[in-house]
Amino acid sequence: MINPPLYDVTNISFAYDSALVINDLSFNLHKGKFYGIVGPNGCGKTTLLDLLIGNRAPKSGSISFMGNPVNSYRRSNLARRIGLVPQEFNTGFGYTVEEVVLMGRHPYIKRFASPSTEDWHHVNRAMKTIGIHELKDRYTNELSGGQKQRAVVARTLAQDTDVLIFDEATSSLDVKYTLQIFNVAGKLVQQDNRTIIAVIHNLNLAAAYCDEIVFMKDGGIHQFGPTEQVMTPETILNVFGVTTEVTRDPYNDKYQVSFQYLD
Amino acid sequence: MSLNSSRKFVILTIALALTTISAIIVSTGMGYISISAGEIVKVILSSFNNSPSLLSDIDSTIPYVVMDVRLPRILTATLVGAGLALSGVIYQGILLNPLADPYTLGISSGAAFGASLALLANITLLNQFSIPLFAFAGAIITLFVVIHLSTFNGQISANTLILSGVIIGAILSAGISFLKYLADEQVAIIIFWLMGSFISSTWDSVMIIGGAVILGLVITFYYGRDLNIMSLGSRSSDALGVETAKVRIILLLTASFVTAICVAMTGIIGFIGLIIPHLMRFLVGPDNRKLLPVSAMAGGILLLSADTVTRAVLPVEVPIGVLTALIGGPFFCVIFRKRQKRGRHD
């Protein structure tokens, strides 16, 4: 049986001044799935995430989250349900890693209260999951790009939300940590029935981890469906203009995209 | 967050509070007539308790010197220092730039322009409130113009905010020069006031600035944790449940209000709002809830010390704004260079 949709997006459009970035999008997202959003640079992926998280309001159309318009929720209420790992990772004036991860608990801590035992439990668990516990007293402005990005992922894990939105969350990470973050995300979906919505540039990662993929082009949806149906050479050619071959990887049985390199 | 840093914060807070009180008493004793600490305490106590018996063995001019001449000026200097440091903490926190302060945003120039206008037109409509009101209006109009210039697609860009502030500040400075040109006979009043001075401070100025600083501290402390989170950038702070756009406007209005009152009462005094939060961040870390009280006290101590030097130590009274710029400018250059190195205070 099909769950009622987590997100019900109907005919949304969004424009910066006169430039239309999102053009009449409609789709539903369901709980407990790993969604990938792929598409060329500037096709509106980040704007779509901002709309889903309620950071921006669509110029027309509606976005319903768990049955209510996403912009009808209080910010703090939304922050207990949706977490964001942003593309840019401004870590502010030299806070320690632990302080930054604790900021993930902000929506749960009352204005003048101190963090509770439960808050610290989430903070420590998040740091251990991402493997940055030993960096906890380091200042974030002294960390490498990859370490900062892992701290930000840990902050979002500490936020303990049902929905996690990743905006190219692994862009600064090497292959080991990229896989680590995707494995953590995959477990959140499979074991905890959480939902991941991730903008991913690497088509092989998208093919390997996502249940369903949204192919975006020029502010609209070109294809949206289960990975095995939409990750095809035709779609990739239409969206990116790149010739590929999609096969099963004999090593892990995942879909694998091979590129025709130009000389 | 560790126990060690909490203890450090408590010790620093107590030390600064004691230093503030001692600095007030010591500087009250300094001047043309030297007064002992015991006499000062007696005079203050007697005016609070209304008990003249305490003054029996004290020269009759001393209560007048302490209560009507020195204390208003000393308290005004302390409160203005606190207010400017408070504004600096807010602007730096919102702009994510440790070099930001009321001047970078053009707010001080806006306040000064408004106040100059009131001085030039000799507006005495609202008695002692005319100049602060005009300064506040100037600061707020400037703030809105600067924000409007730097808002794109409904979002304020921190970098364009500074750039707009500098541009508007330059235009307003030219405006002030034009007012000075028009002022003719009154030009001396405007020039002297612009350089900053506590000479004409009264208990009224103490009350007005004190009220503004307390209000500013309360509002900023209320939003202290939000301000911390906002240092992660607006996308992250929105996603963490902070009403970023609203909090930013409230805090910018608060900082501009405090700045305007300080500028209106004492003219343009630079660098306090820049140096103090920077130094204090180095000592207590970036958490605004700790940074606020220690910066306010340190700002008060620094400006009071500078004013006491110009009032009681130097042979000629140098305008306080000139003195803070002469001391603060080079100091600022050193910080600016050191900023290249990595560190907690960056």
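## Exercises on chain A

The accessible surface of chain A comes to about 11,900 Å², and 48% of that area belongs to carbon and sulfur atoms, where accessible areas come from the Shrake-Rupley method with a 1.4 Å probe and, for residues, only the protein chains shown count as cover. This is a predicted model, in which local features need pLDDT of at least 70 and side-chain atom pairs count only at pLDDT 80 or more, while totals for chains, interfaces and linings use all residues. Residues are numbered from 1 along each chain as its sequence is written, chains are lettered from A and ligands numbered from 1 in the order in which they are written, and side-chain values use heavy atoms, with hydrogens and water left out.

**Exercise 1.** Find out whether the radius of gyration of chain A agrees with that of a compact globule.

*Solution.* Begin with the rule, which is 2.2 Å times the number of residues to the power 0.38, the radius being taken over C-alpha atoms. For 263 residues this leads to a value near 18 Å, and because chain A has 19 Å, the two agree.

**Exercise 2.** Describe the surroundings of A:Asn23.

*Solution.* First, place A:Asn23 in strand S2, which covers residues 19-29; strands (E, at least two residues) are DSSP runs, numbered from the N terminus. Next, classify A:Asn23 by its relative accessible area of 39%, which makes it partly exposed, since buried means under 20%, exposed over 50%, and partly exposed in between (1.4 Å probe, protein chains only). Finally, leaving aside residues up to four places away in sequence, list its contacts as A:Ile12, A:Ser13, A:Gly219 and A:Gly220, where contact means heavy atoms within 4.5 Å.

Terms used:
Helices (H or I, at least four residues) and strands (E, at least two) are DSSP runs, numbered from the N terminus.
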